[in-house]
Amino acid sequence: MIVKRGVAVSPGVAIGPAMVMGTEAVRIRRRFIRADTADAELARFRSALENVCQEIVTNEQLATEQIGKQYGAIFSAHLQLARDPRLHSEVDELVRKRHYSPEFAASQVLRKYAHQLQSLGNSYLAERATDLFDLERRILRNLLNEQKEDLAHLTEDVIVLARNLTPSETAVLDRKHVLGFATEIGGATSHTAILAGALELPAIVGVGNFLTEISGGTTVILDGNHGELLIDPDEATISRYRDAAKKARAVAARILKVSQRTAETKDQVRVHVHGNIEFPEEADHCIERGADGIGLYRTEFLYLAGAHERTEQDHFDAYRSVIERVGDRPVVIRTLDLGADKVLAVADEPVERCTNPELGLRSIRLSLDNLQLFKTQLRAILRAATQGRVSVMFPLISSLLELRQAKMILEDVKEDLTEEGAEFNPSVPIGIMVEVPSAALMAAEFAREVDFFSIGTNDLIQYTLAADRSDPAVAKYYNSADPAVLRLIRMVVRAASESGLPVTVCGQMSSDPKFVPLLVGMGLRNLSTTPLAVPEVKEVIRSLTIAQAEQIAASALELDLASNVEGFLRGELLRVCPDLAE
Amino acid sequence: MIRRTVTVTLENGLHMVPASEIAKAVRDFSGRVVIRREDIVADARSVLDLLQLRAECGTNLEVEAEGDGDALVVDAIAQLFALNFAVERRPAAGSAGTGGT
């Protein structure tokens, strides 16, 4: 058995025979033409290119339908490349002036640009060279009238091993028979990797040279969770992986089946599990997976998706769509949580590029600075709230003054609506996101002026530990399990319980099964998670007693390092709910 | 002639998908439209050209158009940058780009 390691880009485990893809490129047989045939050759080139465009359009539709619009966009970009005026004019010139065959000319032009991309010194752009090779291969295949490679028409299950797969090769992989793939080159951000994730195919890229060490038909285990490729494993290893894969599938199926049941601890304490959504359609995914409501409805897409400034009616329609989908379950609508750079540009005002957007004019600060924008949203929320159990939540509150200003504007809006005789709900509960350390420290004071708290752990961690969560250079400083973060959460939960205020955790932390016992032990009875995590989180809750959870929380809070807390929580999850522990 | 400065705020820079959005946006414009980064000039119709700008996050670019409807075409490009190329976004929960929690 040989073990190869690569970059895990799409999770899951696959076991099966290897299909080793040839590394040889399409061969160009004829490099030069007679001068008097240039026009005919160029006509042949244009007609081949037209076929290529057709193929790409088909792929775009396939990808859009099967896995979503953003993946279709990759092929839409390929289409622009195929129509690129630079490609056309340079091929034209090579064919006319240097008498290259169109095959040779197209290959030369695309390879020149691919090579330039690779030498720009930007790894993300360098990976785009694959997209150019993809286009080259398509054009050549059409010019040479070659049949498509047969990855799309397989008759038995295989694991594809290749030097590299282009995005279009990945998109047309026969999902019935391709169990997964591993490639020698490629990185985590390549289009191929992104597509693999969306197709839910286990995949590893960047394994390094290994194709010469394996022949087709050899059994391999592809471990997309750990980025390992096991070539020719022994029987014991195979059965170990088979058992693990079978168990994981059974667990997922079992917890999905019971996900509609209420989440009660073994000693009958109810914990509400809500879903976080951004698009109205996601409300359906939450309900299908057993969510008790929508704990966080992010409204940013209303500001980003369209080119025009959204009207009150646009907001109202989106909110009503969510309310209709969840019926009598609660929905917490969060007001705009974006930076000025993203929103104001739409209104065509020049926006100064701030030096530190995370500490700049964003979120509630932007709303308070742009009353028109804020009022439009609040009017729509109040009006939609007549149709369901709606609450409004202000993000990034850092001082009582901000909260009071926001509430005052909400009152203004109510007065306006009353004067206009519009139908609205005057008693919508008001909550704040606790995500700035100052708000956590002042939680007792805030508790007197709001109806609920929702702890946004993602920002709370970032601001407490001064680590930008989107910057890989400081990723190691951003740690959910940090004792300082846990203490702030405990402070907020205590302040809320002393005032009898409901409190939720809606950050990424509550979607991670190992944090669930800790959060329940700290007193949380409401969690809001990604739609996908709802069944797992409910399962952990059902496996706990409150006494056990409180013991876990007490022990975790005694530890002084994030790594110790994390290790401890992982061990406890293994005891409480071994099925979900890794 | 219309000229305007835009800033790349895409996490991975002006790569293939956003570049193709620009090419798409200017397709029907009959005049000259280029995007400049210092002394590198790219034809906005050509994805291949735009990629050579190597415009990473934070780069300032100059959009320049001349011809019938040049103001509209510059507006359209500026809008794409302002919206951070809506195609960049992924609709998954926890999408950091749109605020998160």
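A crossing of two helices is left-handed if the near helix is turned anticlockwise from the far one by less than a right angle, and right-handed if it is turned clockwise. In chain B, α1(B) and α3(B) cross in the right-handed way. Helices here are DSSP runs of H or I with at least four residues, strands are runs of E with at least two, and both are numbered from the N terminus. This is a predicted model, in which local features need pLDDT of at least 70 and side-chain atom pairs count only at pLDDT 80 or more, while totals for chains, interfaces and linings use all residues. Residues are numbered from 1 along each chain as its sequence is written, chains are lettered from A and ligands numbered from 1 in the order in which they are written, and side-chain values use heavy atoms, with hydrogens and water left out.

Back to that helix pair. Two packed helices are described by the angle between their axes and the distance between the axes. The axes are lines fitted to C-alpha atoms, for helices over the stretch in contact, and the angles run from 0 to 180 degrees between N-to-C directions. Helix α1 of chain B (residues 16-25) packs against helix α3 of chain B (residues 70-82) at about 160°, and their axes lie 10 Å apart. That makes α1(B) roughly antiparallel to α3(B), a label for angles over 145 degrees (under 35 is roughly parallel, 65 to 115 roughly perpendicular, and the rest oblique). On the α1(B) side, E21(B), I22(B) and A25(B) do the touching, and they meet V73(B), I77(B), L80(B) and F81(B) of α3(B); contact means heavy atoms within 4.5 Å. Sorted by class, that makes 6 nonpolar, no polar and 1 charged residues. For the sorting, Ala, Val, Leu, Ile, Met, Phe, Trp, Tyr, Cys and Pro count as nonpolar, Asp, Glu, Lys and Arg as charged, and the others, Gly among them, as polar.

As for the rest of chain B, there are 3 helices and 4 strands, in the order β-α-β-β-α-β-α from the N terminus. Of its 101 residues, 54% are buried, that is, under 20% relative accessible area, with exposed meaning over 50% and partly exposed in between (1.4 Å probe, protein chains only). Among contacts in chain B with a separation of 6 or more, 69% join residues 24 or more positions apart. Chain B exposes about 4,100 Å², with 44% supplied by carbon and sulfur atoms. One odd spot is E38(B), with a positive phi near 50° although it isn't a glycine. E38(B) sits in the loop between β2 (32-37) and β3 (40-43) of chain B, and is exposed at 67% relative accessible area.

Now for chain A, with its 24 helices and 16 strands. Here 55% of the 582 residues count as buried, and the accessible surface comes to about 25,200 Å², 49% of it belonging to carbon and sulfur atoms. Helix α2 of chain A (residues 69-82) packs with helix α6 of chain A (residues 129-143) at about 65°, the axes being 11 Å apart. The crossing of α2(A) and α6(A) is right-handed. I74(A), H78(A), L81(A) and A82(A) of α2(A) make this contact with D131(A), L132(A), D134(A) and L135(A) of α6(A), which gives 5 nonpolar, 1 polar and 2 charged residues. Chain A has a positive phi outside glycine too: Q268(A), at about 60°. Q268(A) lies in the loop between α9 (235-257) and β9 (272-277) of chain A, and counts as exposed at 59% relative accessibility.

Key:
Areas by Shrake-Rupley, 256 points an atom, 1.4 Å probe, with all protein chains shown as cover.
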